[in-house]
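Reader: I would like to learn how to read contacts, buried residues and charged pairs in a model of this kind. Could you take me through them in turn?

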Amino acid sequence: MTSLYTGLIGIIIFFIFIMLRMPIAFAMAVVGFAGFSYLVSPGAAFSMVATEIYSVFSSHTLSVIAMFVWMGFLAYYSGIGTRLYVFAYKLVGHYSGGLAIATQAACAVFGAICGSNTATAATMGAVALPEMKKFKYHASLAAASVAAGGALGVLIPPSVILIVYGIATEQSVGKLFMAGIVPGIFLMFLYMAAIAILAHHNPGLAPAGPRASWKERINALQGGLGEVLIIFSISMGGLFAGWFTPTEAGAVGAAGVLGVALLSKRLSWEGFKKSLVDSTRTTAMIMLMVAGATIFGRFIALSRIPFELATWAGNLPLPPSAVMGVILFIYLILGCFIDALALVLLTIPIFFPIVVTTLGYDPIWFGVIIVMVVAMGVITPPVGMNVYVIKGVAPDIPIEVIFRGIWPFLIALAICLIVLVAFPKIVTFLPDLLFEI
Amino acid sequence: MLKEFVTGLSKVLDTIAGLCMVITMALIVINVILRGIFNRPILGTYEYVGFLTAVMIGFALAYCAVQKGHIAVGFIMDRFSTRIQAIVNTAMYGIALTFWTLTAWHLGNYAYRLSVKGVVSPTMQAPFYYFIYLVAIGLLVLCLVLLVELIESIKRAAVAR
């Protein structure tokens, strides 16, 4: 059997394993190991697995993930999400659809501090859904707006998926963070516009709330919220200015949020312990997935699939944009079934050489685009993670009702994607401007 | 009995993992301050952060598995009967248990080879094979969690019959 066929069979077995509910990280490691054993030798495969696992776990570059994850959970347990939401809805809650629009802004800012789309959706779901229910928002719009808004965090820095993409493809994490900002804000505005249009056509969907005075609005900023936003700016600003490495930016951010939470007495000892348990669990899950993907990647590279596929795609009588379209379509379909991070890790060794080396697309732009496509997967049936998170927060809303409300947000996402594909400069101008002076 | 013991053990390791996270953060922040203000960074921070992260991840794996934190795709298997689910789970846990036990063994072996050769880290000249042993221990406890799950799914398969 040729190495190419071994690779293809490996990929099929991997999919069978994950359909049989084997954790994705385990399936990647087991299949990667078995394939490597077959193509080289079991001894070499065990040696490779042991070395790769330790080198991923002890990677200084990947330790950035732990720091940003902890920063997010500290923000979560000190109630920053709630206060962000209160501030946003005091600003715009008096418009029809205002609560859902406020949710988008709060999701974008909290997603920026947090970096995990499920944590953002869970936080905002717990805070925003009861408020929207109180003001008689339609359950479908309310739940879908939180599920979609939660995914804004994958574009707005610090994004775990962008970090992993940067490390896997040897691109600058700082540049990727920078590149995610404008598309993230653009998408947030598109979501807001979608809500405004829906509310305008059918005011019964999202009735207006009471108007808050400017005094109330300024008061909402107090209690540590302003300080946290300053810390976030120092952490990200320091990274962009080149003072910190990404890991240092994460540690400074986590220390800052911890400091503010303790000084303003917003974080209990219980909350602190919970933040650590959640962070070690999330980090272990992510890092084992990275290790599994590295092992799987070694096998796939050995099977020559990426090389053959790149050569084949390069010889196709199609323009690069058509090939790119097919690749994005594949991501979109797979994104409906596989976790976003796993999908990026799994497909990067296969598609990155085609897109960047053969077709000549910008690697930073490609990173942002695939993150957007996998973000679509987070809110589409049957395994839209964020939708299930919202279902967990609001068990009384049926899952079909949430999925029904997702459509306007999917359309907004598709528009955003088309604009970014048509005008790649929107993604690349900020990193180009700041990093090439 | 075994389940309580394994859960307790994974919790203890997870607490150590949390402690590693706090120490890593403190080390990095102190290093940034010392470098920025006094121009005197802590030598070897880069390596220490790597060692601490390795222990943190290794020790958090088992409790992550206890909490079902390793992401799996469940919507297909959910459609099958309890018995079929239990049988498939038994097979999957069996494969995973075998793989991770062998991997833990080979990690230990890797650490042993480094200790015999006297391999040290580039900056601090620190023998880092201890940390590889610790990761191997973390993986062994993960194997215990998988063993408990394997036994439970075998029981479920038997009961469903």
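**Reading the interface and the core**

Author: A good place to begin is a salt bridge, meaning a side-chain nitrogen of Lys or Arg within 4 Å of a carboxyl oxygen of Asp or Glu; here the side chains of A:Arg21 and B:Asp78 form one, with 2.8 Å from N to O. This is a predicted model, in which local features need pLDDT of at least 70 and side-chain atom pairs count only at pLDDT 80 or more, while totals for chains, interfaces and linings use all residues. Residues are numbered from 1 along each chain as its sequence is written, chains are lettered from A and ligands numbered from 1 in the order in which they are written, and side-chain values use heavy atoms, with hydrogens and water left out.

Reader: How many salt bridges are there between chain B and chain A, and how many does the structure hold over all chains?

Author: The count between chain B and chain A is 2, whereas the structure holds 11 over all chains. The pair described above crosses between chains, running from A:Arg21 in the loop between α1 (3-19) and α2 (24-39) of chain A to B:Asp78 in the loop between α2 and α3 of chain B; helices here are DSSP runs of H or I with at least four residues, strands are runs of E with at least two, and both are numbered from the N terminus.

Reader: What is the area buried between chain B and chain A?

Author: Buried area is the accessible area (1.4 Å probe) that two parts lose on being put together, summed over both. For chain B and chain A this is about 4,900 Å², with carbon and sulfur atoms giving 80%. The contact, meaning heavy atoms within 4.5 Å, takes 56 residues from chain B and 52 residues from chain A.

Reader: Which residues touch the most other members of the largest nonpolar core?

Author: In general, nonpolar side chains of soluble globular proteins tend to be buried together. A nonpolar core is a set of buried Ala, Val, Leu, Ile, Met, Phe, Trp, Tyr and Cys residues joined through side-chain atoms within 4.5 Å, where buried means under 20% relative accessible area, exposed over 50%, and partly exposed in between (1.4 Å probe, protein chains only). The largest core has 233 residues, and those touching the most other members are A:Phe57, A:Ile65, A:Tyr85, A:Tyr331, B:Trp100 and B:Leu107. Helix α14 (residues 269-303) of chain A gives the most to this core, with 15 residues. Leaving aside neighbours within four places in sequence, A:Tyr331 has contacts that include A:Leu343, A:Phe351 and A:Phe366.

Reader: Where do A:Asp278 and A:Arg281 lie, and is A:Asp278 buried or exposed?

Author: Both lie in helix α14 of chain A, 3 residues apart, about one turn of the helix, and they form a salt bridge whose closest N and O atoms are 3.2 Å apart. A:Asp278 is buried, with a relative accessible area of 11%, while A:Arg281 counts as partly exposed at 23%.

Reader: Which residue forms a salt bridge with A:Asp396?

Author: The partner is A:Lys133, with the closest N and O atoms 3.3 Å apart. This pair links distant parts of the chain, 263 residues apart, with A:Asp396 in the loop between α19 (385-393) and α20 (399-422) of chain A and A:Lys133 in helix α7 (residues 117-134) of chain A. A:Asp396 counts as exposed at 53% relative accessibility, and A:Lys133 counts as exposed at 60%.
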